[in-house]
Amino acid sequence: MTAEQRWREWMHRIEAVLFASATPVPREALAKVVGQGVSVELLIDDLSIELNGRAFRIVAVSGGWMFQTRPAYASSIRAAANIGDQSLELNEFDVAVLAAIAYHQPIARDGLKDIFGKEINRDLIGRLHAQGLIGAGPRAPRRGAPQTFVTTEGFLTAFGLESLADLPDREAMQDAGILG
């Protein structure tokens with residue numbers, strides 16, 4: 001097998017793994033199918049170039065990679081595929097609470113109350129948790145040890161973020177009135 005054929009085989013292996021996975025696949029998992037000495041990043045780059053012009057692309061999210069349909073085809077998928085309701089159904093306040101959790105995590109409900117000047121409804125926290133956007137963080141190190149909240153891999157995936165470092169600038173969010 002020539003070096004070019006081997007490279008193409010490795011690209012196909014990565015493509016197969018990404019195609020089969022419903023969640024982001026980390027570098028370590030992809031390295032298992034091509035070998036530790038191989039540049040997964042270069043293989044991803046070459047595969048992305050090969051997919052240029054296709055209905056889907058490879059995106060880096062939550063510390064890994066996954067296939068994502070290009071936004072131009074979202075309405076076609078909703079019209080023809082039986083994918084159920086995958087929309088997040090978030091209003092402006094829900095997004096503001098998510099942003100506060102993302103920027104201040106781990107944060108307890110009283111910390112959210114300090115930011116928004118009012119109690120955060122338990123139902124809202126429950127919905128964000130049920131949608132896989134937030135999870136339980138460590139107990140706060142104070143009297144009563146209240147539960148804290150953190151964002152999840154689902155949050156990163158839903159918003160197309162590779163990591164929390166990809167969040168918009170905090171000052172810009174504050175200036176826009178989204179973050180307290």
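How many nonpolar, polar and charged residues are in the lining of the second largest pocket? The lining has eight nonpolar residues and three polar ones, with no charged residues. Please keep in mind that this is a predicted model. Below is a short tour of that pocket, followed by a look at how helix 1 and helix 2 pack.

**The second largest pocket**

- The volume of this pocket comes to about 240 Å³.
- On the lining you will find Leu18, Phe19, Ala20, Ser21 and Ala22, then Ala55 and Phe56, and finally Met66, Phe67, Gln68 and Thr69.
- Two elements, helix 1 (3-20) and strand 3 (64-69), each contribute at least two residues to the lining.
- Strand 3 is the element that gives the most, with four residues.

**Helix 1 against helix 2**

- Helix 1 packs with helix 2 (residues 27-34) at an angle of about 135 degrees, and their axes are 9 Å apart.
- Why are the two helices called oblique to each other? Their angle of about 135 degrees lies outside the range of 65 to 115 for roughly perpendicular and is not over 145, the cut-off for roughly antiparallel, so the pair counts as oblique.
- The crossing of helix 1 past helix 2 is right-handed.
- From helix 1, the contact uses Trp10, Arg13, Ile14, Val17 and Leu18, while helix 2 brings Leu30, Val33 and Val34.
- Sorted by class, the residues of this contact are seven nonpolar and one charged, with no polar residue.

**Where the two topics meet**

- Leu18 is worth finding in your viewer: this residue is part of the pocket lining and also takes part in the contact of helix 1 with helix 2.

Terms used. Residues numbered from 1 in each chain as written. Predicted model: local features only at pLDDT ≥ 70, side-chain atom pairs only at ≥ 80, totals over all residues. Heavy atoms only, no water. 1 Å grid on protein atoms, 1.4 Å probe; cavity = no way out; pocket = protein on both sides within 12 Å on 5 of 7 lines; lining within 4 Å. Points joined across faces, edges and corners; volume = space filled by probe spheres on them. Nonpolar A, V, L, I, M, F, W, Y, C, P; charged D, E, K, R; others polar. Axes fitted to C-alpha atoms, helices over the stretch in contact; angles between N-to-C directions. Left-handed = near helix turned anticlockwise from the far one by under 90°. Contact = heavy atoms within 4.5 Å.
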